[in-house]
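Reader: I would like to go through this model with you, one question at a time, and see how each answer is reached. Could we begin once it is in front of us both?

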Amino acid sequence: MSTTPVLAGGPAAAPHPGIERGTAAYRRANFALFLAGCSTFSLLYCVQPLLPEFARDFGLSPATSSLALSLSTAALALAIFAAGALSQQVARRRLMFASMALAAACNLLAAFAPNWSLLLLARLAEGALLGGVPAVAMAYLAEEMDARHLNGAMGLYVAGTAFGGMMGRVGMGVLVELGDWRTAMAAIGAVGLAAAFGFAALLPPSRRFVPQRGFVLQRHLRAWAAHLRHPGLLRLFAVGFVLTSVFVALFNYVGFRLAAAPYLLGPGKISLIFLAYVFGMFSSPLAGRMADRYGGRWPLAAGMALMGVGAVVTLGQSMAAIVAGISLVTFGFFVGHSVASAWVGRLAGNDKSHASSLYLLFYYFGSSITGPLGGWAWQHGGWGGEVALTASLAAAGIVLALQVEGRGRARVG
């Protein structure tokens, strides 16, 4: 049974035109998905600047404290995989709203958890619930946007994730300085709830997709298997793994480096390093326009190269070198993620949500696997070990990017 979207007017109805740049629907969709990306990633990553706080308050090692993030991203990866299939049966807007609202409530529960185990349980549930947003948002854009404007719209969505990641981390650091980490986590959860309701009010309903009746597991297995047999998609999935591996490993442990001598910075000042996300907000739309014009291979490889160079630059002892290196890593990461996300939609043909869910499964497994591995590198090799791990992964990412075929002609079927 085909999973090609059925048009609301039946087989004889004229296809609904895609959302074009400059229209009110384009602005509403982009702002709604900006809110979705912002909320999702502020909730997910708000604990990252708190890892040294968790280690101190609960008596944990750096690698163990990173479980507050890596368990969430692991649950998110698996949930995204399921959400890609579930989204074929339910309205996309409804699924994304429920995911955003319930995840924000879990962040509130984590804020007041009396012990480490319950905090991890709340974060695990939060990650699982957030799985209903990223893959579905990517599928919505791939289906609803005019093909000429897909990369640009995807870039704006990724810019929203950059803004959310930045505000979750920087806001958390500032709030911790004003009060404590529990109050700060609760505030992030409350903002996430407000964003969920704003998203529901703004997002235009799907016009090129009608939910299917019934859940046929075999149909979903065939769709996933077909994508995994596609060489270009498989390489893009591996690129996603590399992107988040490099990014999260560096950001997880730079806080431990800056909290130690000779820097001795507190949570508020450490969180300012995440202002580098501003570069992601600009690089994502820029990368989308470059890919629209020139194809994705070279922008993707360039993003990976910038990440590798940035990792090496952070070996410098001065704060200027560390900030410059982190900024290069951030710029390159969002270039790569924006291009790869849109390229997956182009190559997927039908069953775009299945392809998006596979990409994000690999993407978040990069965070979940390499996050704790980065803790081992930090404990046994210091910052030099961290850079050796991440720069090697970035080099592998360049090779993968150059092997993805040309402009990504869509596969049908």
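**Questions on helices, loops and buried side chains**

Author: The backbone nitrogen of Leu233 lies 3.1 Å from a polar atom of the side chain of His230, and it should be said at the outset that this is a predicted model.

Reader: Where is His230 found, and is His230 buried or exposed?

Author: His230 is found in the loop between α10 (217–228) and α11. Since buried means under 20% relative accessible area, the 9% relative accessibility of His230 settles the matter, and His230 counts as buried.

Reader: Helix α11 also meets α15; what is the direction of α11 and α15 relative to each other?

Author: The axes of helix α11 (residues 231–259) and helix α15 (residues 319–348) come within 10 Å and cross at roughly 155 degrees. Angles over 145 degrees count as roughly antiparallel, and α11 and α15 are therefore roughly antiparallel to each other.

Reader: How do the residues of the contact of α11 with α15 divide into nonpolar, polar and charged?

Author: The crossing of α11 and α15 is left-handed. The residues of that contact between α11 and α15 divide into 21 nonpolar, five polar and one charged.

Reader: Which residues is Tyr363 in contact with, leaving aside its neighbours within four places in sequence?

Author: Tyr363 is found in helix α16, which covers residues 352–403, and with 4% relative accessibility Tyr363 counts as buried. The C-alpha atom of Tyr363 is separated by 18 Å from that of Pro299, 64 residues apart along the chain. Leaving aside neighbours within four places in sequence, the residues in contact with Tyr363 are Gly240, Phe241, Thr244, Phe333 and His337.

Reader: In the loop between α11 and α12, which peptide bond is cis?

Author: The loop between α11 and α12 (267–271) holds Pro262. With omega near 10 degrees, the cis peptide bond is the one from Ala261 to Pro262.

Reader: Leu264 lies in that loop as well; is Leu264 buried or exposed?

Author: Phi of Leu264 is near 55 degrees, which is a positive value in a residue other than glycine. Exposed means over 50% relative accessible area, and because the relative accessible area of Leu264 is 62%, Leu264 is exposed.

Reader: Turning to α2, which of its residues are buried?

Author: Helix α2 spans residues 51–58 and is followed by Gly59, whose phi is positive, near 65 degrees. The buried residues of α2 are Leu51, Pro52, Glu53, Phe54 and Ala55.

Reader: Which residues does Ser65 touch, not counting residues up to four places away in sequence?

Author: Ser65 has its place in helix α3 (residues 62–65), and at 0% relative accessibility Ser65 counts as buried. The C-alpha atoms of Ser65 and Ala55, which are 10 residues apart along the chain, are separated by 5.5 Å. Not counting residues up to four places away in sequence, Ser65 touches Leu51, Phe54, Ala55, Leu60, Trp116 and Phe256.

Reader: How far does the backbone oxygen of Pro62 lie from a polar atom of the side chain of Ser65?

Author: The pair joins a side-chain atom of Ser65 with the backbone of Pro62. A polar contact is a pair of N or O atoms within 3.5 Å, and the separation for Ser65 and Pro62 is 2.8 Å.

Reader: Which residues in α5 do those of α1 meet?

Author: The axes of helix α1 (residues 24–45) and α5 come within 10 Å and cross at roughly 30 degrees, and α1 and α5 are therefore roughly parallel to each other. The residues of this contact between α1 and α5 divide into eight nonpolar, two polar and no charged. From α1 the residues are Leu33, Leu35, Ala36, Ser39 and Leu43, and in α5 they meet Met96, Met100, Ala103, Ala104 and Asn107.

Reader: What is the direction of α5 and α9 relative to each other?

Author: The axes of α5 and helix α9 (residues 181–202) come within 8 Å and cross at roughly 165 degrees. The residues of the contact of α5 with α9 divide into 19 nonpolar, three polar and two charged. With angles over 145 degrees counted as roughly antiparallel, α5 and α9 are therefore roughly antiparallel.

Reader: Ser99 lies in α5 too; which residues does Ser99 touch beyond four places in sequence?

Author: At 6% relative accessibility, Ser99 counts as buried. Not counting residues up to four places away in sequence, Ser99 touches Leu129, Gly132 and Val133.

Note on methods: Residues are numbered from 1 along each chain as its sequence is written. This is a predicted model: local features need pLDDT of at least 70, side-chain atom pairs count only at pLDDT 80 or more; totals for chains, interfaces and linings use all residues. Side-chain values use heavy atoms; hydrogens and water are left out. Helices (H or I, at least four residues) and strands (E, at least two) are DSSP runs, numbered from the N terminus. Buried means under 20% relative accessible area, exposed over 50%, partly exposed in between (1.4 Å probe, protein chains only). Contact means heavy atoms within 4.5 Å. Axes are lines fitted to C-alpha atoms, for helices over the stretch in contact, and angles run from 0 to 180 degrees between N-to-C directions. Angles under 35 degrees count as roughly parallel, over 145 as roughly antiparallel, 65 to 115 as roughly perpendicular and the rest as oblique. A crossing is left-handed if the near helix is turned anticlockwise from the far one by less than a right angle, and right-handed if clockwise. Ala, Val, Leu, Ile, Met, Phe, Trp, Tyr, Cys and Pro count as nonpolar, Asp, Glu, Lys and Arg as charged, and the others, Gly among them, as polar. A polar contact is a pair of N or O atoms within 3.5 Å; within protein, one must be able to donate a hydrogen and the other to accept it, and residues adjacent in sequence count only if both atoms are side-chain atoms.
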